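Please open the model in the viewer and keep the selection tool at hand. The tour begins with the whole chain and then moves to individual residues.

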Amino acid sequence: MTLSDAAGDRRRLADHPATAGEIMQLVLAEGALSRTDIGRMTGLSRTAVTARVGQLLAQGLLVEESGAESTGGRPAGRLRFNAAGGIVLVASVGRSRIQLAVADLGCSVLAECSIEVDQGIGPQRCLPPVVDQLYRMVTDCGRDLADVRGIGVSVPGCVDPDSGAMVSSTALPSWDGIPLRELFRRELDVPVLVEKDVNVMAIAERRSPLRGVPDMIMVKASTGISIGIVLGGVLQRGALFAAGELGHVPIGVEPPVLCRCGQTNCLEAVAGGWAIAKALQGLGRDVKHVRDAVAVALKGDPEALGMIRDAGRRVGEVLAAAVTLLNPEVVVIGGDLASAYEPFVAGLRETVYQRSTALATRQLRIVASTFAERQGLIGCATLINDWITSASAIDSATTAPRSLNLA
């Protein structure tokens, strides 16, 4: 049975007629459909199909192309997703930099840049120039603020998706509890979604060749260390949105090492990018953050290479427990430390395969992130675009256009 057949059977058995949002999901799944296809798959009358398709055309989410073969009369039009029907703004906030981009509804990046600001002064003070830059980028790529359909943001901490505020962040404690949506939205009447950075990275991988992988662990090894967990195709956030805080699992270290969270012997206090940078500074290296440490290692510095390889081993020690517990099909490695992929992953593989159960690692794949440094940007664009094209958002806009303002 094809996807179209299955969708058609489900629709005919449904207790309610297909909505515009549900038709949108069919088009996204199939790539292109004629109105006749939609009528056959949904059981809707020609008039009902025309009405719902008209709503999607009016919203700019579909475009109709002529030229397909028909059984008589004029050629039947083919309806396709209109990726050019709007733009989204994205901001991937890190501890040492903020990456910004403008993307279309298909997540193709139209413009991007990276800026460094003092996030420690709090979001109310550091974000206004960031948003100014985003707005300038819209103009620079030939679009207008009226074209903006939504904003996707990732931050280095646990996020309550309902409030759009971080509930806990050791990287940016001054941001905790502050709703970020209005700071990014300003006068724009668009949805703003805020998510934990590693979760956004996992979302990005769901657009990659790993799209069909239902069970996956995304490792972010950067200034801090955390994992995103996808089980059964569903992102797992946890009861208090704190799932995946791998970097604050204690490990055996002598003498004890103080972590920036206030506890001792946390994984990231030994293997995090900030700890490696601090150790290299103690050896006289000119490094300020993890990217500098990686650059020094890639130039062949033996101490830097050794620290990154040992960091991989330490991460693998803790990650092995997650692999045994969750039995993922794939572990994806991303973040700034992944730029030194060979030494870091050599150490990680060693301990993961030593310490995990044989069955959990029998078919396990450990791979590099698909989008490298753009992973956060692609993930943020996917986060907001998935919401914009969801059945619930489309149907809400159809019945109450102002409801797209996710507050």
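**The whole protein**

With the entire chain selected, colour the charged side chains: the mean positions of the 40 positive and 43 negative charges of the protein are 2 Å apart. Please bear in mind throughout that this is a predicted model.

Switch next to a cartoon display, in which the secondary structure comes to 15 helices and 15 strands. The radius of gyration is 23 Å, close to the 22 Å that the globule rule gives for 407 residues, so the protein is as compact as a globular protein of that length. Along its principal axes, the C-alpha trace spans about 80 × 50 × 40 Å.

A surface display shows about 17,800 Å² exposed, of which carbon and sulfur atoms supply 52%. Buried residues account for 51% of the 407 residues. Of the contacts between residues at least 6 apart in sequence, 62% join residues at least 24 apart.

**The loop between β5 and β6**

Select Cys107, in the loop between β5 (98-104) and β6 (109-115). Its phi is near 75°, a positive value in a residue other than glycine. Is Cys107 buried or exposed? Cys107 has a relative accessible area of 7%, under the 20% cut-off, and is therefore buried.

**The loop between β13 and α8**

Move to the loop between β13 (234-236) and α8 (267-271), where Pro255 is found. The peptide bond leading from Glu254 to Pro255 is cis, with omega near -5°.

Finally, select Asn265, which lies in the loop between β13 and α8. Asn265 has a positive phi, near 65°, and is a residue other than glycine. With a relative accessible area of 12%, Asn265 is buried.

Methods. Residues numbered from 1 in each chain as written. Predicted model: local features only at pLDDT ≥ 70, side-chain atom pairs only at ≥ 80, totals over all residues. Heavy atoms only, no water. Helix = DSSP H or I, 4+ residues; strand = E, 2+ residues; numbered from the N terminus. Buried < 20%, exposed > 50% of the residue type's maximum accessible area, 1.4 Å probe, protein only. Rg over C-alpha atoms; globule rule 2.2 N^0.38 Å. Contact = heavy atoms within 4.5 Å. Areas by Shrake-Rupley, 256 points an atom, 1.4 Å probe, with all protein chains shown as cover. Lys, Arg positive; Asp, Glu negative; His and termini not counted. Charge placed at Lys NZ, Arg CZ, Asp CG, Glu CD.
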